[in-house]
Amino acid sequence: MDRGRMGTLAGLTAVAALLLPTAASGQPPADTGVPQDTNLVANGGFDVGDRVGHPTGWSVEGAEAAANVVNLSAYRTAGPGSLELNVTSGNPVTVTSDRMVAAPGAAYTLTARVKGRSGTPAQLSMVFTDFNRTDLGTNAADTAFSTDWQTVTITGTAPAGSAQVTVRIAGGEAGWSYWEQVSLAQAPAAYDPRLGTDRELFLDDYRIESSRDVGRVVHPAKTRPEPLIRPTYPWETSTYIYGSVFKVGKVYRMWYDCNNDVAPGYYLCYAESRDGVKWTKPLGRGTIGYKDIPASRTNLVIAGGGTVAYNPDAPADRRYALMQFHTGVVNETLGYYAYFSPDGYTWTLAASKPVLLDGDVSNVAWDPAGQQYIATVKKRMFTSRTPGVYDRAAFVSTSKDFLTWSTPVLGVAGDYADDGAAQAINGLEGQIYGMPVLPYEGTYIGIPWVLLITNFTHGSQSSAGDGPVLPQLAASRDLVDWSRPVRDPVIQPGKPGAWDDGALYTASNVLVDDRTITMYYGAFNAGHGGQVAGTTPYTSGVGLATWRRDGFVSMTNASLPGLGDPGQLTTKPLVTDGRALHVNADVHAKGSLTVEVLHASGNLLPGYTSLPVKGDQYDAQVRFPGGRSLQALAGQQIKLRFSLVNTDLYAYRVG
């Protein structure tokens, strides 16, 4: 990775924010009364065009000269631009939005404003496609000619197997029309007001009804200046982690990756620790030798990489489960294979055929609440911005036994916001290199590894794309619909010249205690393209990242008394069992945090304005005057209104 380019990452988020659609911005707009815009379409107002006049974020096919972004006051309703389609007979044109992730079974509503000038207006449609870009269904509407602005509305449900959805405006007959305010919205998931005892984080808007002068802030992990594990043995040309780390009994157990010059070139290695910081590589645990070094004197446990899921309740011989990619014949033997182990050292292939197709990066986890395994696998779709180059994306699948898996569903793919982040560092596009899924407090947290491709010319692996790999955040309640309202890295690369200033990857899991979230990450001092000839030698290692409990994201207000605007956040209706309300919050100097309990109608319940919460509190009980509790409100629908002054609010719970 070019060091000058890496040096621009510190300002990436601020610059990229100017390029992003509202729904992907770093924080919800203040004072709107709603969390954020729900429009999935980038540049749906056609206010931005490229240098030839085509709308940014859209492709134009056919008679390209017929489609242009124009700024004509007589032909616009909002914003400076409109899409002008001036189609002549025999010269059709189609304008298509960037592809967006579609959730199978979800309902979508497409609306647009159109005004005719002459002839036949173009046709509006939304098109659902699968992994192979095969059309699964098109919902279209013909528009009657009118010289007045009219609204066109289309509804539809994503068919089974859907991966993406696009919006098309196609003109086939002679006609002159103008288009504005294209909006595609997914129907919200069915809302369940029942609030259990799990902590409610602010990774999505599921329980947020409204907000004012608060915004999501990503809190990057605290990291160490040096890696915990680095190459030390002859078989370790590099050390990093796509693997897993568990605390079993009193021992921390790590499966990490190393590269060497013996086929297949990369291996899964084993390490142990008593405190999670000082690690040893026990040579007696190896099951594979290296050249003239016998297996009994290595820590190599299996050829090839992979991630491990630990299920303490599984049969003894299947307590550890490994998913690993094997090359082979596409749609037959190329894919992900399952292994089991009783101890994490000796692995047995569970099936002769892949349990999931495609490759190469996978992440697996055991979900104790759902009693299921979760796998996120990388699939490569030919939908990238670069002709003939595949687009990496993370697909999600589940299994009860690690052998029979559900059909993978597209979870997170690179989008307009990721492309904008790459362009902000003079790059090309953003892709998803992999994504661990973390079962956490009744929800699922994804850690998408976002590869910002800068070029295809730098480094020993330049043909696969060079650029930084940055772990970010995603969230889902059902492993189908994923939300990415913030795009700041949750683990920041090191400063230029540091051992971890290039590509960053993470373990497939986190370790959580009452105060800390711990995640191990692998990093390189170069981007995904690898070492550039004549530059600093390629280095790598495994580092340690920590956050406060629930601390990936907070809802934040930075006002001070008399300076700035205090913030408020109101939940949707909640039903609790009436136990005590707790918050995880950091109330800074001169700040305050209070909570009001509202009736479902929004009226304040008398006596339910809390005493102020002060200081840095990981699990503070919210207290009400007169010793009131939520007991009298058990089973009723209520809302919570949080009032923040100079405060970071991380989570709340009832218990």
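The exercises below concern a predicted model, and each is followed by a worked solution.

**Exercise 1.** Work out which strands of the open sheet of five strands stand at its edges, and why one side of each is left without a neighbour.

*Solution.* Begin with the order of the strands, which is E2-E3-E11-E6-E9, with antiparallel pairing. Strand E2 (67–70) and strand E9 (150–157) stand at the edges, and each has a single partner strand, so one side of each is left without a neighbour in the sheet. From one strand to the next, the twist averages 30 degrees. Finally, look at one pairing within the sheet: strand E6 (residues 107–119) and strand E11 (residues 175–186) run antiparallel and are joined by ten bridges, and Gly116 has Ser177 in E11 as its bridge partner.

**Exercise 2.** Determine whether strand E43 (residues 581–599) is largely enclosed or left open, and find the strands that pair with E43.

*Solution.* Taking burial to mean under 20% relative accessible area, count the buried residues of E43: 14 of its 19 residues are buried, so the strand is largely enclosed by the rest of the structure. Next, follow the pairings:

- Strand E46 (residues 637–654) runs antiparallel to E43 and is joined to it by 15 bridges, with Leu581 opposite Val654.
- Strand E45 (residues 616–621) pairs with E43 in the antiparallel sense over four bridges, and Val583 has Ala620 as its bridge partner.
- Strand E44 (residues 604–609) is antiparallel to E43 and joined to it by two bridges, with Thr609 as the bridge partner of Glu596.

Lastly, examine the hairpin of E43 and E44, where four residues lie between the strands and Gly602 takes a positive phi near 105 degrees.

How values were computed
Residues are numbered from 1 along each chain as its sequence is written. This is a predicted model: local features need pLDDT of at least 70, side-chain atom pairs count only at pLDDT 80 or more; totals for chains, interfaces and linings use all residues. Side-chain values use heavy atoms; hydrogens and water are left out. Two strands pair if DSSP finds at least two bridges between them. Axes are lines fitted to C-alpha atoms, for helices over the stretch in contact, and angles run from 0 to 180 degrees between N-to-C directions. Buried means under 20% relative accessible area, exposed over 50%, partly exposed in between (1.4 Å probe, protein chains only).
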